[in-house]
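Trainee: I should like to work through this structure with you, one point at a time.

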Amino acid sequence: MPMRAHVGDQLIVESPTTGATRRDGEIVGIHHADGTPPYDVRWSDSGHVTLVFPGPDAHVHHIGHPSDAAPGASGLRPGAKARASAGPPSDAEVADLVRDAAAAPSMHNAQPWRFRYFRRDRLFQVIADLTRTLPHSDADLRALHLGCGAALMNLRVAAAHTGRRPATRLLPEPDDPTLLAAVSLAGPLGDGDEDGLAALYPAVHARHTSRSPFAETEIPGPVRATLREAAGAEGVSLSFASGWHLRTVLDLASEAEARNLTDQGSVEDLTHWTGLSAETPRSAGEGVPPDAFGPRRRGGKAPVRDFAGGRPVPGRESADFESNPQLALLATPGDEAADWLRAGQAMERVLLTATREGLAGSFITQALEWPDLRWPLRDPVSGAGHVHMVLRLGYGPPGPRTPRRPTRHILDLLT
Ligand SMILES: Cc1cc2nc3c(=O)[nH]c(=O)nc-3n(C[C@H](O)[C@H](O)[C@H](O)COP(=O)(O)O)c2cc1C
């Protein structure tokens, strides 16, 4: 029987003579939908991730799925087990919840969020940090709302993981557009996880943006359906582009990437958040570090943003990307702040679900930054939805961890 694994399983290599464990590591990426090798393995002794074609001295220890050999099913450690009862969280637990929220993706890793926690009311507020905007690439603050929506989703997932039911209100103060959401820890979750949020918890810190080439392996229909359901649970539609629509999306991304390279404002935003600008150096807890740029594209059609902006980066290699990228578009009928927050939550819910399914993902937002290129992105079949995000999904290596600001810089604890 061929070897099969899920992301999160353990690969154990034994000594052929003594049977003792020689080396072990966590499987952090699979390349085939059916879970067969090769795997990306993070070795416990070195912490490095390497591509492994397991030999006869290796076996897979299934974590959380002892009898589950079905391909495409989640392979991450079960997250539904509550870490605490549903009593009031301690300050340390509140800080943990905010750390989980801040693991969310944000454009250029600007992390444009702050959190307030009111102890007496057991209430979080998610606040837009307007000192961390991208003035040229995100003048209308749509991307800021998407990132904060993603952080809100992580907060809901993390609260459910601790056994607490998160009750969320978007934009609770119409007079204060920076107050994006209120989340009250309304009560115990109960025995079930009806919303399916707690089960996503193990993916919160396993999800990273991967700007590496993906395999040509097609994402199976049932997995696509699961991803569509994840977006639908947040009131957002997810559609995979195909045929001439896919070609249009790829052409629009290429056109936008070419414009961005020569657009003064886009270049300024990029150089600031990548630390490639001498005037405004990036601080250690933010931005996109060079080891997250991924290889330079030599061939293939995946329109991955070049964070180096065409500059040479020491040690950066070139690679052929997939020639049939699998791109999924998130859209809503409206285009207001509440729609952006819903789309951000859906985006993160899709990415967490994708991580559980062993998929890697990255973002293709170049065309969304140009109003004349954003409109023709929309799905011609589903009609006039406003596209908020284009995700590239597939089987490939997980991206590297990127920095985050310390929790004490983004959390205010109040009575
Ligand atoms: C609204 C939004 C737009 C983004 N646009 C791009 C993009 O065009 N290209 C890209 O490679 N990454 C993009 N990203 C990913 C961020 O660069 C990434 O989330 C950030 O660097 C943090 O890294 P992580 O996702 O690995 O945690 C975007 C993320 C968000 C939320």
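The exchange below concerns a predicted model.

Trainee: Into which domains is the chain divided, and how far apart do the C-alpha centres of domain 1 and domain 3 lie?
Mentor: The assignment gives domain 1 (10-61), domain 2 (91-206 + 403-414) and domain 3 (221-394). Between the C-alpha centres of domain 1 and domain 3, the distance is 31 Å.

Trainee: Which helix gives the most residues to the largest nonpolar core?
Mentor: That core has 97 residues, and Ala 151, Leu 330 and Val 350 touch the most other members. The greatest contribution, 13 residues, is from a helix spanning residues 142-161, namely α2.

Trainee: Which residues does Ala 151 touch, leaving aside those up to four places away in sequence?
Mentor: Ala 151 is among the three core residues that touch the most other members. With residues up to four places away in sequence left out, its contacts are Ala 101, Ala 102, Ala 104, Trp 113 and Val 126.

Trainee: Is helix α6 largely enclosed or largely open?
Mentor: Helix α6 covers residues 337-356 and reaches 29 Å from its first C-alpha to its last, close to the 28 Å expected. A residue counts as buried if 20 or more other C-beta atoms lie within 10 Å of its own. In α6, 18 of the 20 residues are buried, so the helix is, with respect to the rest of the structure, largely enclosed.

Trainee: Which element gives the largest share of the shell around the ligand?
Mentor: The shell comprises 22 residues, the closest being Pro 105, Asn 109, Thr 209, Arg 305 and Phe 363. Two elements give two or more residues to this shell, α2 and β14 (360-363). The largest share, four residues, comes from α2.

Trainee: How many residues of that shell are nonpolar, polar and charged?
Mentor: Domain 2 and domain 3 each supply at least three residues to the shell. By class, the shell residues divide into nine nonpolar, 11 polar and two charged.

Trainee: Which peptide bond is cis, and what is its omega?
Mentor: Pro 38 is found in the loop between β2 (21-30) and β3 (39-43). The bond from Pro 37 to Pro 38 is cis, and its omega is near 5°.

Trainee: Is Leu 141 buried, exposed or partly exposed?
Mentor: Leu 141 lies in the loop between β7 (123-128) and α2, and its phi is positive, near 70°. A residue is exposed at 12 or fewer C-beta neighbours within 10 Å and buried at 20 or more. Leu 141 has 18 other C-beta atoms within 10 Å, so it is partly exposed.

Technical notes. Residues numbered from 1 in each chain as written. Predicted model: local features only at pLDDT ≥ 70, side-chain atom pairs only at ≥ 80, totals over all residues. Core = buried A, V, L, I, M, F, W, Y, C linked by C-beta atoms within 7 Å. Contact = placed C-beta atoms within 7 Å. Expected span 1.5 Å × (residues − 1). Domains from an automatic or database assignment. Near = placed C-beta within 6 Å. Nonpolar A, V, L, I, M, F, W, Y, C, P; charged D, E, K, R; others polar.
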